[in-house]
Amino acid sequence: MKGVDEKEQRLIEYSIEAVVIAWLAYLFFYQNYLLHSWHRGLPLPSKLPFLVAGIVVAALFFWYEWTRFERELEGRKKVPLKSVLPVALREENLPDSDSNETENGGETADDSEREEQEGVRASAPESPQEP
């Protein structure tokens with residue numbers, strides 16, 4: 001949605017969710033009361049207390065989600081970029097280009113490890129030994 005920031009989007013989303021939860025809570029409370037206490041032949045009880053209970057449940061849900069969202073926004077503002085980067089990519093952990101070179105005439109440690117592994121593979125038999 002163009003022109004609508006994240007806070008307004010979340011407000012709309014949580015409001016719609018709260019309305020749905022209020023309706024479902026009202027239905028849940030009223031139905032359970034009818035199943036538990038009401039008998040045939042009695043007049044139906046007032047729906048107002050159950051409607052109020054549904055609104056209270058929805059208000060609690062909305063308050064919980066909104067405070068969680070505000071904490072999330074505060075957390076985004078407080079976290080510096082350096083701490084978000086993985087440890088391997090931070091400047092203090094990046095290796096210098098000179099430190100990789102060894103005394104083997106500019107050959108890196110990775111190259112020497114590869115040569116050792118190739119030597120081990122060459123000495124191993126290619127096919128299983130026959131009995």
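This report covers confidence, salt bridges and a nonpolar surface patch in a predicted model.

**Confidence**

The protein chain has a mean pLDDT of 76. Of its residues, 57% reach 70 or more. Confidence peaks in helix H1, at a mean of 91. Helix H3 (residues 81-84) is lowest, at a mean of 57.

**Salt bridges**

A search of the whole structure finds three salt bridges. The table gives the partners and the N to O separations.

| Acidic residue | Basic residue | Closest N and O atoms |
|---|---|---|
| Glutamate 6 | Arginine 10 | 3.6 Å |
| Glutamate 72 | Arginine 10 | 3.7 Å |
| Glutamate 65 | Arginine 68 | 3.4 Å |

Start with arginine 10. Glu6, Arg10 and Glu72 are linked in a network of salt bridges. Glutamate 6 and arginine 10 both belong to helix H1. They sit four residues apart, about one turn of the helix. The pair of glutamate 72 and arginine 10 instead links distant parts of the chain. Glutamate 72 lies in helix H2 (residues 48-78), arginine 10 in helix H1, and 62 residues separate them.

How accessible are the two glutamates of this network? Glutamate 6 has a relative accessible area of 29%, so it is partly exposed. Glutamate 72 is also partly exposed, at 34% relative accessibility.

The bridge between glutamate 65 and arginine 68 stays within helix H2. Its partners are three residues apart, about one turn of the helix. Is glutamate 65 buried or exposed? At 10% relative accessibility, glutamate 65 counts as buried, because the cut-off for buried is under 20%. Arginine 68 is partly exposed, with a relative accessible area of 42%.

**Nonpolar patch**

Which residues make the nonpolar surface patch? They are Ile12, Ile16, Val20, Trp23, Leu24 and Leu27. The patch covers about 580 Å². Isoleucine 12, one of its members, is placed in helix H1 (residues 6-37). Its relative accessible area is 44%, so isoleucine 12 is partly exposed. That value is over the 30% required of patch residues.

**Glutamate 13**

Glutamate 13 is also placed in helix H1. Glutamate 13 is partly exposed, with a relative accessible area of 38%. Where does phenylalanine 62 stand relative to glutamate 13? The two are 49 residues apart along the chain. Their C-alpha atoms are separated by 10.0 Å.

Conventions. Residues numbered from 1 in each chain as written. Predicted model: local features only at pLDDT ≥ 70, side-chain atom pairs only at ≥ 80, totals over all residues. Heavy atoms only, no water. Patch = residues over 30% accessible without salt bridge, like charges linked within 9 Å, V, L, I, M, F, W, Y side chains within 5 Å. Areas by Shrake-Rupley, 256 points an atom, 1.4 Å probe, with all protein chains shown as cover. Salt bridge = Lys/Arg side-chain N within 4 Å of Asp/Glu carboxyl O. Helix = DSSP H or I, 4+ residues; strand = E, 2+ residues; numbered from the N terminus. Buried < 20%, exposed > 50% of the residue type's maximum accessible area, 1.4 Å probe, protein only. pLDDT = per-residue confidence, 0-100.
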